[in-house]
Amino acid sequence: RAERAIHAAIDAPAQLASLDRLLATARLGALKRIAVPAHASVDRAWIAGGVVGAGRVRALAPNERFEEAVLADLAELQFRCSGALDAEFGLPRDAGTTQVATATLDCRGPRASVLALVYVHARSNFAALLHEGPPSRRDVVLDKQARLARALARVR
C-alpha cells in the first residue's frame, strides 16, 4: 500500500491525493491543509504538530541526476535565510525502487528557522517534502522528517 502511494505521488503532480496517502502512511499526525495558489512553488502545504509542511513534485530533466536536483533545491532554499545558515545533508540511499536523501537547514538571524527536508526520486520524478518551524520547535520538525524517511524506508 505504501509503495503504491509513493510511486503514485511522484508519478504526476495531478495525482496529489497519493501524496496525501504518503503523508498519512508517515503518521505525521493531524494535517491541516493550507490552500496553495496556482502560481506557488509547492503543490501541497499543511500544518502538522504546529509546524508548516510542504511538498512539490516535478519531472527530472533527461540528463539530470537526483543529487543535482537535491543540490539545486538546497541552493534555492538558502536564500530564505537572512542570517547564517548551517546545513546537514544525508547522502542518497536506496529505499526499494526509490532513492531518498535528507537535509536539515538551520537558519540563524532575524528570521531564525529550522527546515527538515526529504527528497525522493522514483522513475523520472523528483519530490521534495519539507517541514519548517522556529528553533523552539526543532524536535517536532526533525520528527516529521524522520517519520517520512521511515515510511519511505519501509517500501521494498
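Visitor: Between which two elements does the loop that holds R27 lie?

Guide: In this predicted model, R27 sits in the loop that connects α2 (16–25) with β1 (31–34).

Visitor: How should the backbone and the surroundings of R27 be read, and is R27 buried or exposed?

Guide: The general idea concerns the sign of phi. Most residues other than glycine have a negative phi. R27 has a positive phi of about 55°, although it is not a glycine. As to its surroundings, R27 has a relative accessible area of 61% and is therefore exposed, since the cut-off for that class is over 50%.

Visitor: Which elements make up the chain as a whole?

Guide: The chain has four helices and seven strands. Read from the N terminus, their order is α-α-β-β-β-α-β-β-β-β-α. Of the 156 residues, 44% count as buried. Among contacts between residues at least 6 apart in sequence, 52% join residues at least 24 apart.

Visitor: How is strand pairing to be read, and in which sense do β2 and β3 pair?

Guide: One looks for the bridges, the direction of the strands and the turn that links them. Strand β2 (residues 44–48) pairs with β3 in the antiparallel sense, over five bridges. One of the pairs places W46 opposite G53 in β3. The two strands form a hairpin with two residues between them, and G49 in the turn has a positive phi of about 60°. β3 also pairs with β7, again antiparallel, over eight bridges. There, A54 has L130 of β7 as its bridge partner.

Visitor: How many bridges join β5 to β6?

Guide: Strands β5 and β6 (residues 113–122) run antiparallel and are joined by 10 bridges. T98 has A122 in β6 as its bridge partner. The hairpin of β5 and β6 has five residues between the strands, and G109 in this hairpin takes a positive phi near 135°.

Visitor: Why can β5 be called largely enclosed by the rest of the structure?

Guide: The argument rests on burial along the strand. Eight of the 10 residues of β5 (residues 98–107) are buried, so the strand is largely enclosed by the rest of the structure.

Visitor: Which residues have the most contacts inside the largest nonpolar core?

Guide: A core is read through its members and the elements that supply them. The largest nonpolar core has 17 residues, and V70, L74, L117, Y119 and F126 have the most contacts inside it. At least two residues come from each of α3, β5, β6 and β7. The greatest contribution, five residues, is that of α3. Another core, of 16 residues, lies apart from this one and includes L19, W46, V57 and A151.

Visitor: What does Y119 touch, leaving aside residues up to four places away in sequence?

Guide: With those residues set aside, Y119 touches F66, V70, D73, L74, L77, Q99, V100, A101, A103, F126, A127 and A128.

Visitor: D73 appears in that list. Is D73 buried or exposed?

Guide: D73 belongs to helix α3 (residues 66–77). Its relative accessible area is 6%, and because the cut-off is under 20%, D73 is buried. Beyond its neighbours within four places in sequence, D73 is in contact with R56, L117, Y119 and A128.

Visitor: How do L129 and A146 compare on the same scale of accessibility?

Guide: L129, in strand β7, has 2% relative accessibility and therefore counts as buried. Among the residues that L129 touches are L19, W46, A54, L117 and L148. The C-alpha atoms of L129 and V42 are separated by 9.3 Å, although these residues are 87 apart along the chain. A146, in helix α4 (residues 138–153), has 28% relative accessibility and so counts as partly exposed. The C-alpha atoms of A146 and L117, 29 residues apart along the chain, are separated by 9.6 Å.

Visitor: How is a pocket to be read, and how much space lies in the largest pocket?

Guide: Rolling a probe the size of a water molecule over the atoms shows where empty space is left. The largest pocket holds about 210 Å³ of space. Its lining has 14 residues, and those closest to the centre are S41, V42, R56, R80 and L130. β3 (51–59), α3 and β7 (125–133) each supply at least two lining residues, and the largest share, four residues, comes from β3. By class, the lining has seven nonpolar, two polar and five charged residues.

Definitions and conventions
Residues are numbered from 1 along each chain as its sequence is written. This is a predicted model: local features need pLDDT of at least 70, side-chain atom pairs count only at pLDDT 80 or more; totals for chains, interfaces and linings use all residues. Side-chain values use heavy atoms; hydrogens and water are left out. Buried means under 20% relative accessible area, exposed over 50%, partly exposed in between (1.4 Å probe, protein chains only). Contact means heavy atoms within 4.5 Å. Two strands pair if DSSP finds at least two bridges between them. On a 1 Å grid over the protein atoms alone, a cavity is a set of points where a 1.4 Å probe fits but cannot get out, and a pocket is an open set with protein on both sides within 12 Å along at least five of seven lines; lining residues have an atom within 4 Å of a point. Grid points are joined across faces, edges and corners, and a volume is the space filled by probe spheres set on the points. Ala, Val, Leu, Ile, Met, Phe, Trp, Tyr, Cys and Pro count as nonpolar, Asp, Glu, Lys and Arg as charged, and the others, Gly among them, as polar. A nonpolar core is a set of buried Ala, Val, Leu, Ile, Met, Phe, Trp, Tyr and Cys residues joined through side-chain atoms within 4.5 Å.
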